[in-house]
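Biologist: Please show me the chain, and then we can go through the fold one question at a time.

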Amino acid sequence: MSSSKQRLIIGLDYGTTYTVGVAFCDSSGGGSIEGIQLIHNWPGKSQNATNEKVPSQVAYGSFAEGRTFEWGNRIPPRAERQVWTKLQLDEGQKREELKMLLALLSGNLENMSIGGDGEDDDNPPLYPGKQPQDIVADFLTGVNEHVVQTLIKQFSHRLLSTLQIEIVITVPAVWSDRAKDLTFQAVGKAGLGEFKYTTSMIAEPEAAAIYTLKSLKGGASGDDIQVGDHFVLCDAGGGTVGCEKPKANANSHQDLISYRVSSVSPSFKVHEAAVGTGDKCGATFVDRNFKEWLKGKLGEANYKRIPKEKIMIGSKLMKEFEDAKTSFSGDGPEGLITVPSEVGITEDASRGIEDGEILVTARSADFQEIFDPCINRTLELIDGQIAAVQSKGSRVKYVFLVGGFGKSEYMFKKVQEYCVARGLETRRPPFPWSAVVRGAVARGLEGEGSGLVQLRMCRRHYGTPVSEHFDENKHIAQDMYTDDLTGEKFAKGQMHWLLTKGEGLSATTPKRVSIECCRTFRPTDSRVFSAKLVACNDDFAPRRYFENSSSPPPPSQEFPLCKARAESSTTGVYNVCTLHADISTVPESKFHQARRGLGGDMFYIAEFKIEIIAHGANLKFFLTFEGQEYGSVSANYDP
């Protein structure tokens, strides 16, 4: 391990309720998943406790050693905590943004959308002066400080400083790209102490698929998988379950995605077989259902007597339910939950309370009432993936179940019952709860272009509104405008789609697209011009940008003049970002000169391209004029 080229891959799976894991592996073992190690020794719990996960929580105040915040299990019992900050990164987000397009062009990650659907009664307001990404950064600062200490103990400070470190971050598959960008910001702000590193990103279901297939390879279960087989990967996490099909204006998170096996030897290779789907129905929402059940048992007045800190994640009550939830299989045993003393009830046979404990019965409707809404939604998502594969003339053979909720025996039992009834097989890898973070490390060890997923499907339509020469037989009058300099009539807001939903995108050959622009300007005018990048989640993209827009059309100069193709009309177009192209470095001698009429003022005509190309985990924009690169292009996210 003395070579400076030795690599160290760190997987970071930041979960909704827990940082589901941090794992690492150096490249000396040839990329074998057997060499992947999970960090177990999280601070703040007894040495005898199971310590593979740490609560995704931060508390602010004055703490020991002059610390202004504490995190995870280090938080004192009665401190007010910031919880579910992962969900808040995407709260209220309705637009897919720039880095999602990166995923679709290069195929290096998929995307998932979580966002909130209302206020969360269990979550205190954000700490004053702190944005969600700042709180996440504080939490990850604590996590990473501990990670560095652990790595130094294993590798030594000297050796660690020679390794090429890469952090692979996992994200929900249909999460918005603004949330992904904020996650990048948080990880960058947290840092890794004095050690330099690079970051990359992978969707949670893809990471889980990598680990699941690699864990099967070489075993009896793996021998059953043949070229042409299709499988659904269901990543049932704490806050989400996913098949990864984003819904317009929906912010949800439970990841599922379907794959077709394209190669089994010398290694597994797969192609995406259907656009993924997801919804917010993971184990966190089982916890919410439990609280509603408890409120029904105790009565709303009694339930409101329980202090907030005693029903939050990490409290004694919720830990007791966590134990009961994990062991529940539908057949028993029964669970006992301690009723907080503030309720004032120690004996009440009608409520099932005896000696200050409430009985949660496995064989009655108690647990079914708590579990089944989330289970049923998961089965609906699986059914949708199967239908999508069948619509293309293929058949799903396996359903792989992973994630924190995926380790639930009851969840596995219900999914298995569903699959048996349809002639499908159900598989679960050896460590379903940590499959995502292990897969993240495995992906980092694979390197660019050599990964499991060779073909991904574009999650949505991407394009730009353009201006076309006005044709009264094709365009409507309200889109018409007259160019101030040329006097020509144009139709603004005509959609030019660059990528189509469901289009296959190679992981080994990043796709390159361009926006062809034509601008007219006076010698004294600004030479920075704008173009919008927009998207549509619908199956059929609209022909016009304004067909579903409630906002007034932007100025005509924001639309490049170029040739656009017509698409079927529907709704659902939204802005991704605005690209600003600066052509001020292009020599004036290269522009066409023109005048409007005899003796009119001279103006320039510039034709150029905004090129978009994905390379690795980065999206690059650049401007070309007559085939040569000039100037610069910047991108601003829309709010």
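**The five-stranded sheet and its surroundings**

Modeller: This is a predicted model. Five strands make up an open sheet with mixed pairing, and their order is 4-3-1-9-10.

Biologist: Which strands stand at the edges of that sheet, each with a single partner strand?

Modeller: An edge strand has one side left without a neighbour in the sheet. In the order 4-3-1-9-10, the strands with a single partner are strand 4 (37–38) and strand 10 (198–203).

Biologist: How many bridges join strand 3 to strand 4, and which residue of strand 4 stands opposite Ala23?

Modeller: Strand 3 covers residues 21–26 and runs antiparallel to strand 4. Two bridges join strand 3 to strand 4. Opposite Ala23, in strand 4, stands Leu38.

Biologist: Which helix packs on the sheet and touches strand 1, strand 3 and strand 4, with a direction at about 35 degrees to that of strand 3?

Modeller: The helix in question touches strand 1 (7–13) as well as strand 3 and strand 4. Its direction makes about 35 degrees with that of strand 3. It spans residues 132–155 and is helix 3.

Biologist: Helix 13 packs on the sheet too. What angle does its direction make with that of strand 1?

Modeller: Helix 13 is made of residues 435–446. It touches strand 1, strand 3, strand 4, strand 9 (164–171) and strand 10. The angle between its direction and that of strand 1 is about 150 degrees.

Biologist: Which residue is the bridge partner of Leu12 in strand 3?

Modeller: Strand 1 and strand 3 run antiparallel, and six bridges join them. In strand 3, Leu12 has as its bridge partner Val22.

Biologist: Is strand 3 enclosed or open, and how many of its residues are buried?

Modeller: On one side of strand 3, Gly21, Ala23 and Cys25 are buried, and on the other side Val22, Phe24 and Asp26 are buried as well. Both faces are therefore covered. Strand 3 is largely enclosed by the rest of the structure, because its buried residues number six of the six.

Biologist: Glu446 is found in helix 13. Is Glu446 buried or exposed?

Modeller: Leaving out residues up to four places away in sequence, Glu446 touches Ile210, Lys214, Gly451 and Leu452. The relative accessible area of Glu446 is 18%, and the cut-off for a buried residue is under 20%. Glu446 is therefore buried.

**Elsewhere in the chain**

Biologist: How are helix 10 and helix 11 placed relative to each other?

Modeller: Helix 10 is residues 316–327 and helix 11 is residues 365–390. Their axes come within 12 Å and cross at roughly 85 degrees. Angles of 65 to 115 degrees count as roughly perpendicular. The two helices are therefore roughly perpendicular to each other.

Biologist: How many charged residues are in the contact of helix 10 with helix 11?

Modeller: Helix 10 contributes Phe321, Ala324 and Lys325, while helix 11 contributes Phe367, Ile370 and Phe371. By class, this contact has five nonpolar residues and no polar ones. The number of charged residues is one.

Biologist: Which are the edge strands of the open sheet with the order 15-17-16?

Modeller: That sheet has three strands with antiparallel pairing. Two bridges join strand 16 to strand 17 (residues 357–360), and Ile353 stands opposite Ile358 in strand 17. The strands that pair on one side only are strand 15 (335–338) and strand 16 (353–354).

Biologist: Glu65 has a positive phi. What is its relative accessible area?

Modeller: The phi of Glu65 is near 60 degrees, and the residue is not a glycine. Glu65 is placed in the loop between strand 6 (57–60) and strand 7 (69–71). Glu65 is exposed, and its relative accessible area is 76%.

Biologist: In which loop does Glu626 lie?

Modeller: Glu626 is another residue other than glycine with a positive phi, near 55 degrees. Glu626 is exposed, with a relative accessible area of 60%. The loop where it lies is between strand 30 (618–625) and strand 31 (628–630).

Biologist: What percentage of the residues of the protein chain count as buried?

Modeller: The protein chain holds 13 helices and 32 strands. Its accessible surface comes to about 26100 Å², with 47% of that belonging to carbon and sulfur atoms. Of its 639 residues, the share that count as buried is 58%.

Key: Residues numbered from 1 in each chain as written. Predicted model: local features only at pLDDT ≥ 70, side-chain atom pairs only at ≥ 80, totals over all residues. Heavy atoms only, no water. Axes fitted to C-alpha atoms, helices over the stretch in contact; angles between N-to-C directions. Helix = DSSP H or I, 4+ residues; strand = E, 2+ residues; numbered from the N terminus. Parallel < 35°, antiparallel > 145°, perpendicular 65-115°, else oblique. Contact = heavy atoms within 4.5 Å. Nonpolar A, V, L, I, M, F, W, Y, C, P; charged D, E, K, R; others polar. Pairing = 2+ DSSP bridges. Buried < 20%, exposed > 50% of the residue type's maximum accessible area, 1.4 Å probe, protein only. Areas by Shrake-Rupley, 256 points an atom, 1.4 Å probe, with all protein chains shown as cover.
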